Amino acid sequence: MSNSSNSRRKFLKQTALGAAFLGAPLVVQAENTPANSLQTTLCKAYGFSVPIVSAGMAFVANADLAIAVSTSGGLGQMSGSGFPVDYLQSEIKRIKSALKGKPFAINFLPRFIQLEHIEVCISEQVPVVVFFWDEVPSQYLERLKANKIKVWIQVGSIQEAIQAKAAGADALIVQGIEAGGHNRSTASAFSLLPNIKKAVPNTPLILAGGIADGQGLAAALTMGAEAVSIGTRFIASSESNAHPEYKNRIVKAEVHDTVRHNIFGYDFPDATVRGIRNKIVAEFEGKDYPAPYANKNHETFPIIGQSAMGPIRRFSGVLPTPETTGDFEQMSLLAGESVGLIKDIQPVAEIINQMITEASNSLAK
Ligand SMILES: Cc1cc2nc3c(=O)[nH]c(=O)nc-3n(C[C@H](O)[C@H](O)[C@H](O)COP(=O)(O)O)c2cc1C
């Protein structure tokens with residue numbers, strides 16, 4: 001073991017023991033504390049202090065969540081998919097003015113944006129743009145890279161990793177089969193990571209899927225991840241844009257209560273997702289190829305709720321946000337297997353501080 005990792009372990013041990021000796025609860029602030037000893041090369045290169053990225057999550061990862069995560073020392077990510085360009089720009093301006101130079105990321109699913117969304121990121125000098133699911137048009141990549149904006153791509157297989165690297169991604173988010181949301185991963189996060197590491201050496205890798213506590217963070221760092229990307233844990237935060245009932249259902253769910261399926265999405269077809277098993281999921285689980293909405297006119301599907309965007313029909317992929325009303329047993333409630341570890345709705349700063357404390361203690365053992 002190198003001298004620097006020896007002294008890091010020693011430092012962490014001293015910190016944990018010191019707190020125990022004093023009888024004080026070990027509360028680690030996200031900055032200027034042992035958190036900094038978890039700072040990876042990626043964190044340093046991008047200017048954030050703790051190796052925690054909040055995942056891009058359509059509907060729920062809004063500007064407030066991104067601000068809270070970056071303010072707490074991580075890298076906050078706002079989903080910009082489907083936003084009108086003017087609204088995207090005003091939210092980016094709001095994030096920049098709250099963060100005063102701290103980094104953040106904007107997430108896009110390419111099918112829901114146009115070149116104008118990319119141009120706004122360039123004119124606002126967004127530090128990182130993250131893509132997922134669809135092939136990224138080469139024009140987007142060229143424009144971003146010519147303007148020195150970092151590009152990350154989320155992948156779920158060795159093949160996707162090789163393609164994303166060849167397309168010019170600066171870092172990859174490795175999504176495991178446990179992850180909430182859209183998911184076509186080919187293996188669990190901890191199985192994929194070392195294989196992708198071999199396939200695309202010298203590429204910073206961020207691990208996503210099933211991580212909700214400091215032990216998971218420590219494990220990911222130990223296996224060579226430069227950071228973790230966390231979705232489900234942050235849905236159940238005070239700052240996320242999820243409906244309170246959605247948050248409550250995440251808190252109540254156990255590890256076996258999510259399933260990867262192909263049930264929702266006439267508005268985003270044939271995209272497998274992981275979500276909580278409610279009545280509609282239980283009804284179609286194992287009977288979802290072809291998808292239950294396939295080859296049918298979705299306007300004939302019953303309306304099961306109302307959202308800010310209008311009525312929500314059965315099999316829609318729209319997620320419940322605070323203004324949503326309707327039948328939660330019929331809605332898509334995307335979440336990952338980490339639901340089993342989530343016992344409370346907490347403010348982001350508390351979640352991050354807890355994870356850092358736990359990770360520091362785990363690594364110090
Ligand atoms: C509600 C929800 C919505 C998501 N939407 C997106 C998205 O729009 N773009 C994206 O890159 N990933 C999306 N994801 C996947 C996340 O980026 C990430 O892979 C996942 O949340 C990590 O697993 P975890 O939920 O177990 O932490 C979504 C995940 C969830 C739970």
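Strands β7 (181–182) and β11 (residues 273–276) run antiparallel to each other and are joined by two bridges; strands here are DSSP E runs of at least two residues, helices are H or I runs of at least four, and both are numbered from the N terminus. Pairing itself calls for at least two DSSP bridges between the strands. Within this pair, His182 sits opposite Val273 of β11. The two strands belong to an open, antiparallel sheet of three, ordered β7-β11-β10, with β7 and β10 (258–261) as the edge strands, each pairing on one side only.

All of this comes from a predicted model, in which local features need pLDDT of at least 70, side-chain atom pairs count only at pLDDT 80 or more, and totals for chains, interfaces and linings use all residues. Residue numbers start from 1 along each chain as its sequence is written.

β7 also turns up at the ligand: together with β9 (227–230) and α10 (232–235), β7 gives at least two residues to the surrounding shell. That shell holds 31 residues, the closest being Phe132, Gly180, Gly181, Gly231 and Gly336 (near means a C-beta atom, placed from the backbone, within 6 Å). By class, the shell splits into 14 nonpolar, 16 polar and one charged, where Ala, Val, Leu, Ile, Met, Phe, Trp, Tyr, Cys and Pro count as nonpolar, Asp, Glu, Lys and Arg as charged, and the others, Gly among them, as polar.

On the domain level, the chain divides into domain 1 (3–240 + 342–364) and domain 2 (254–334), with bounds from an automatic or database domain assignment. Ten residues of domain 1 and nine of domain 2 make up the contact (C-beta atoms, placed from the backbone, within 7 Å).

Methods
Two residues are in contact if their C-beta atoms, placed from the backbone, lie within 7 Å.
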